[in-house]
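I opened the model today and kept notes as I went. Each entry records one thing I looked up.

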Amino acid sequence: MTNTEFELGGVCHLALVCQDMERTVDFYTNVLGMKLSMTLSLPGGGQHFFFDMGGGQFIAFFWFADAAPHAPGIAAPAAIPGIGKEIASAHGSMNHVSFKIPLDKFDEYKAKLEAKGVQTGPMLNHDLSERGISFGDSDSTFVKSIYFFDPDGILLEFAAWTRELREDDVKHAPRTSDGGLGTPVGAAAK
């Protein structure tokens with residue numbers, strides 16, 4: 001089903017905050033190969049830079065002289081999935097940015113990242129098992145991914161869909177703030 005309220009074409013840009021814009025430019029251009037497409041100087045000396053992720057979508061970074069320090073385990077995950085145990089982050093935080101890649105490029109892209117000094121987690125298969133992930137393929141795998149951090153501790157993911165998502169993939173009622181179950185949605189409501 002497409003959006004019947006608004007004609008959305010995907011993500012325009014995701015705006016994050018970095019500690020060192022020069023280091024961020026180096027990582028996103030030289031390590032991930034993105035084109036730096038726009039640089040803005042903000043009132044008060046701040047900066048706002050945009051990198052082309054492909055497909056008309058951008059990842060952007062702010063640099064503020066007085067920004068609060070990085071807070072792993074609060075504003076961002078503290079570990080790489082598949083390596084560490086704690087991937088939760090606080091309400092209102094951004095947990096990770098996922099970049100869509102071709103399914104047949106995982107080994108090549110993982111090797112490229114590691115050759116550039118980037119620590120990566122293992123290839124994870126997101127599936128319908130009790131844990132939600134496995135290290136091996138299964139009939140219920142729907143996306144494969146590898147995770148890694150950028151220089152500011154922002155969790156990044158390279159992900160590839162292994163199948164189309166179906167209506168019957170929506171089967172869980174959402175949790176409420178107290179941990180209870182809310183009203184079922186989608187196929188779960190039928």
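**Entry 1: Aromatic pairs**

I began with two rings: phenylalanine 99 is buried, and phenylalanine 158 is buried too. I note here that this is a predicted model.

I then asked how many aromatic pairs the structure holds. The count came to eight. Phenylalanine 99 and phenylalanine 158 make one of these pairs, with an edge-to-face geometry. Their centres are 6.3 Å apart, and the planes meet at 70 degrees. I looked up where the two rings sit. Phenylalanine 99 belongs to strand 5 (residues 97–100) and phenylalanine 158 to strand 9 (residues 155–161), so this pair ties together parts 59 residues apart in sequence.

Phenylalanine 158 also pairs with phenylalanine 148, again edge-to-face. Here I read 5.1 Å centre to centre and 75 degrees between the planes. Phenylalanine 148 sits in strand 8 (residues 143–149) and phenylalanine 158 in strand 9, so the pair ties together parts that are ten residues apart in sequence. Phenylalanine 148 is buried, as is phenylalanine 158.

I also found one aromatic cluster, formed by Phe27, Tyr28, Phe51 and Phe61.

**Entry 2: Nonpolar cores**

Which residues have the most contacts inside the largest nonpolar core? I got Tyr28, Leu32, Ile59, Phe61 and Leu156, in a core of 25 residues. I listed the elements that each supply at least two residues of this core: helix 1 (21–31), strand 3, strand 4 (57–63), strand 5, helix 2, strand 8 and strand 9. Helix 1 gives the largest share, five residues.

I followed up tyrosine 28. I left aside its neighbours within four places in sequence. Tyrosine 28 is then in contact with Gly33, Met34, Phe51, Ile59, Phe61, Asp150 and Leu156.

Another core lies apart from the largest one. This other core has five residues, including Ile80, Ile133, Tyr147 and Leu155.

**Entry 3: Pockets**

I turned to the largest pocket and read a volume of about 780 Å³. Its lining has 26 residues, and the closest to the pocket centre are Met53, Ser98, Phe99, Lys100 and Ile101. Strand 3 (47–54), strand 5, helix 2 (106–115) and strand 9 are the elements that give two or more residues to this lining. Which element provides the largest share? Strand 9 does, with five residues. By type, I sorted the lining of the largest pocket into 17 nonpolar, five polar and four charged residues.

The second largest pocket holds about 540 Å³ of space. I counted 23 lining residues there. Val17, Ala68, Pro69, His70 and Asp152 lie nearest the centre of this second pocket. Its lining divides into 17 nonpolar, four polar and two charged residues.

**Entry 4: The whole chain**

I finished with the overall layout. The protein has two helices and nine strands. I read their order from the N terminus as β-α-β-β-β-β-α-β-β-β-β. The C-alpha atoms fill a box of roughly 55 × 35 × 35 Å along the principal axes.

What part of the 190 residues is buried? I noted 29%. I also checked the contacts with a separation of 6 or more. Residues 24 or more positions apart account for 46% of these contacts.

Notes
Residues numbered from 1 in each chain as written. Predicted model: local features only at pLDDT ≥ 70, side-chain atom pairs only at ≥ 80, totals over all residues. Heavy atoms only, no water. Phe/Tyr/Trp six-rings, centres within 6.5 Å; stacked < 30°, edge-to-face > 60°. Helix = DSSP H or I, 4+ residues; strand = E, 2+ residues; numbered from the N terminus. Buried < 20%, exposed > 50% of the residue type's maximum accessible area, 1.4 Å probe, protein only. 1 Å grid on protein atoms, 1.4 Å probe; cavity = no way out; pocket = protein on both sides within 12 Å on 5 of 7 lines; lining within 4 Å. Points joined across faces, edges and corners; volume = space filled by probe spheres on them. Nonpolar A, V, L, I, M, F, W, Y, C, P; charged D, E, K, R; others polar. Core = buried A, V, L, I, M, F, W, Y, C linked by side-chain atoms within 4.5 Å. Contact = heavy atoms within 4.5 Å.
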